[in-house]
Each structure stands twice: as C-alpha cells, then as structure tokens.
Amino acid sequence: MPIDATQPYDPENIFAKILRGEIPNETVYEDDAVLAFKDINPQAPIHVLVIPKGEYVSWDDFSTNASDAEVGHFVRTVGKIARDLDLVEPGYRLLANIGGNGHQEVPHLHVHLFGGRPLGPMLARG
Ligand code: 5GP
C-alpha cells in the first residue's frame with residue numbers, strides 16, 4: 001500500500017530496521033550519513049536503494065527539513081555510488097517515489113538507482 005508522504009516518521013519502518021541492523025541487507029556503500037543496499041526485488045541487473053540515515057519520510061520531508069549539508073552530501077553520494085558501479089557511461093536511472101500517486105511503499109526516503117541494461121521509456125503507459 002502506498003504511504004501518505006506527509007505522515008510522521010515511523011521508526012518501525014523496514015528501512016529503519018535495516019539501519020539498526022535488525023534486518024540484514026546487502027550493503028553497496030555506507031558512511032556516517034548514507035547507506036546504499038541492493039533492492040530485495042530487483043527490477044534491473046543493478047537496483048540499489050540509497051537512503052539517508054536521518055529520519056526522513058520522503059523526498060518532500062528531506063527537501064524541506066534536512067540541512068543543506070545533508071542534502072548536498074546525499075546528492076553527491078548518490079552520484080559517487082553510480083560512478084563506483086561504473087554506470088555513468090552506459091547510463092542509469094534515478095527514481096524517488098513520493099506518496100500515494102508516486103506509489104511510495106516504504107516511509108523512509110530512498111532513491112532507486114537502476115542500471116545494467118537499457119531501461120526503456122521512463123514510465124509504463126496505463
Ligand atoms: P518504493 O515503492 O517505496 O519506492 O520502493 C520500496 C522498495 O523497497 C521496493 O523496490 C522493494 O523491493 C524494496 N524493499 C522492501 N522491503 C525490503 C527489504 O526488506 N530489503 C530490501 N533490500 N529491499 C526492500
């Protein structure tokens with residue numbers, strides 16, 4: 001079920017549990033403020049989720065409430081992860097789902113990083 005992007009942060013969401021080490025993950029990158037791990041249900045040969053460690057429900061919450069330093073570090077780190085995965089020359093896709101129409105299911109901000117094959121048009125019709 002898609003979430004409401006304006007809901008308060010739920011510390012029991014699945015990515016909060018991953019951040020606390022209560023649920024295993026296949027980590028691709030980690031620093032003090034960012035964790036990147038493989039999606040459990042990959043939609044492309046490379047499908048990585050990049051999340052801030054801070055408690056932000058959605059891109060809307062993050063872009064409103066995170067500091068310039070947090071936002072800057074997160075954006076630069078997403079780019080670094082893509083470079084480290086050698087995705088720049090073949091190309092890749094970033095996606096953030098927000099709220100109901102965006103079909104966001106996990107209420108902790110995450111950016112999907114897709115790569116490893118031609119990804120086709122941006123959205124399926126329908
Ligand atoms: P959303 O629809 O919220 O943008 O995407 C949530 C993503 O989280 C989905 O692609 C889903 O496969 C992934 N996901 C959900 N639960 C887990 C989990 O426990 N571990 C990992 N690695 N990915 C998860």
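I take contact to mean heavy atoms within 4.5 Å. With that settled, I opened the entry on this predicted model.

**Sheet**

I looked up the strand order first. The sheet is open, has five strands and reads 1-2-3-5-4. Its pairing is antiparallel. Which strands stand at the edges? I noted strand 1 (27-30) and strand 4 (93-95). Each has a single partner strand, so one side of each is left without a neighbour in the sheet. I then checked the twist, which averages 20° from one strand to the next.

**Strands 2 and 3**

Next I went to the pairing of strand 2 (residues 34-38) with strand 3 (residues 46-52). I found five bridges joining them, and the two strands run antiparallel. I picked out leucine 35 and asked what stands opposite. The answer is isoleucine 51 in strand 3.

**Helix 3**

I turned to helix 3 (residues 68-84). Which strands does helix 3 lie across? I listed strand 1, strand 2, strand 3, strand 4 and strand 5 (111-115). Against strand 3, helix 3 runs at about 160°.

**Salt bridges**

How many salt bridges does the structure hold? I noted five. I followed up some of them.

Arginine 20 came first. Its side chain meets that of glutamate 12 in a salt bridge, at 3.7 Å from N to O. Arginine 20 also meets the side chain of glutamate 22, here at 2.7 Å, N to O. I therefore logged Glu12, Arg20 and Glu22 as linked in a network of salt bridges, a pair counting when a side-chain nitrogen of Lys or Arg is within 4 Å of a carboxyl oxygen of Asp or Glu.

I then looked up accessibility for this network. Arginine 20 is partly exposed, with a relative accessible area of 42%. Glutamate 12 is partly exposed at 47%. Glutamate 22 also has 47% relative accessibility and counts as partly exposed.

Last, I checked glutamate 26 and lysine 38. Their side chains meet in a salt bridge, 3.6 Å from N to O. The pair links distant parts of the chain, 12 residues apart. I placed glutamate 26 in the loop between helix 1 (14-19) and strand 1, and lysine 38 in strand 2.

Is glutamate 26 buried or exposed? At 51% relative accessibility, glutamate 26 counts as exposed, because the cut-off is over 50%. Lysine 38, at 46%, counts as partly exposed.

Definitions and conventions. Residues are numbered from 1 along each chain as its sequence is written. This is a predicted model: local features need pLDDT of at least 70, side-chain atom pairs count only at pLDDT 80 or more; totals for chains, interfaces and linings use all residues. Side-chain values use heavy atoms; hydrogens and water are left out. Two strands pair if DSSP finds at least two bridges between them. Helices (H or I, at least four residues) and strands (E, at least two) are DSSP runs, numbered from the N terminus. Axes are lines fitted to C-alpha atoms, for helices over the stretch in contact, and angles run from 0 to 180 degrees between N-to-C directions. Buried means under 20% relative accessible area, exposed over 50%, partly exposed in between (1.4 Å probe, protein chains only).
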